[in-house]
Amino acid sequence: MATSEHLPFALKLFSALGCGLIAGVFFAFSAFVMNTLARLRPAQGIAAMQSINITVINPLFVMAFFGTAAACMLLAVFALLGWHQPGAGYVLTGSLLYLVGTFLVTIVFNVPLNEALAVVEPGSTAGESLWAKYFANWTLWNHIRTAAALAATAALTIALC
């Protein structure tokens, strides 16, 4: 295998693993974290989610989330430039699923919801009112980004085969 062929393979592998890792993180929220927070009183749920939203901004998660997006951007370019190559359609599909369905959904929907939650006082009436809307909307968008990351993992894994 020539050196120039190693980079696309490594990017596909890194991206597939990154998409799978992010899918797993988001799946955990859809499967049990949000349900656990729903069992708490609103003030407790808000405080817990505020803490999670602060703690998630750490080097490991940021590297996985943004690094996977950067690798998927490069892969999308490689797929378009090498459209005649076997698996290019899977590479482009997987990359776009992550970039649009996971990364963009997070930035456009989940992050603004988190920012709105960050400024409310957990025990306030405004906080309690926001929590009900936040919970439903955030969870819906989380389901979408989880499914997109999982589908991206599948497409990129097929491309590796």
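Start with the surface: select Ile-57, Val-62, Phe-66, Leu-96, Val-100, Leu-104, Ile-107, Val-108 and Phe-109, and show their side chains. Together they make a nonpolar surface patch of about 750 Å². Keep in mind as you look around that this is a predicted model.

Now colour the patch by element. Helix H3 (59–81) and H4 are the elements that each give two or more residues to the patch. The largest share belongs to H4, with six residues. If you would like one residue to centre the view on, try Ile-107, which is found in H4 and is one of the patch residues.

Next, zoom out and switch to a cartoon view. You should see five helices and zero strands, so to follow the chain, read the pattern α-α-α-α-α along the sequence. For a sense of scale, the C-alpha atoms fill a box of roughly 60 × 25 × 20 Å, taken along the principal axes.

With the whole protein in view, turn to how its helices meet. Two packed helices are described by the angle between their axes and the distance between the axes.

Select residues 88–118, which are helix H4, and residues 125–160, which are helix H5. Their axes come within 8 Å and cross at roughly 165 degrees. Angles over 145 degrees count as roughly antiparallel, which is why H4 is described that way relative to H5. The crossing of H4 past H5 is left-handed. Colour the contact between these two helices by residue class, and you will find 23 nonpolar, nine polar and one charged residues.

For the last stop, keep H5 selected and add helix H2, residues 42–55. How do the axes of H2 and H5 cross? They come within 10 Å, at roughly 60 degrees, and that angle makes H2 oblique to H5. Here too the crossing is left-handed, with H2 passing H5.

Terms used
Residues are numbered from 1 along each chain as its sequence is written. This is a predicted model: local features need pLDDT of at least 70, side-chain atom pairs count only at pLDDT 80 or more; totals for chains, interfaces and linings use all residues. Side-chain values use heavy atoms; hydrogens and water are left out. Axes are lines fitted to C-alpha atoms, for helices over the stretch in contact, and angles run from 0 to 180 degrees between N-to-C directions. Helices (H or I, at least four residues) and strands (E, at least two) are DSSP runs, numbered from the N terminus. Angles under 35 degrees count as roughly parallel, over 145 as roughly antiparallel, 65 to 115 as roughly perpendicular and the rest as oblique. A crossing is left-handed if the near helix is turned anticlockwise from the far one by less than a right angle, and right-handed if clockwise. Ala, Val, Leu, Ile, Met, Phe, Trp, Tyr, Cys and Pro count as nonpolar, Asp, Glu, Lys and Arg as charged, and the others, Gly among them, as polar. Patches are made of residues with over 30% relative accessible area and no salt bridge: like charges are joined within 9 Å, nonpolar side chains (Val, Leu, Ile, Met, Phe, Trp, Tyr) within 5 Å. Accessible areas come from the Shrake-Rupley method with a 1.4 Å probe; for residues, only the protein chains shown count as cover. A salt bridge is a side-chain nitrogen of Lys or Arg within 4 Å of a carboxyl oxygen of Asp or Glu.
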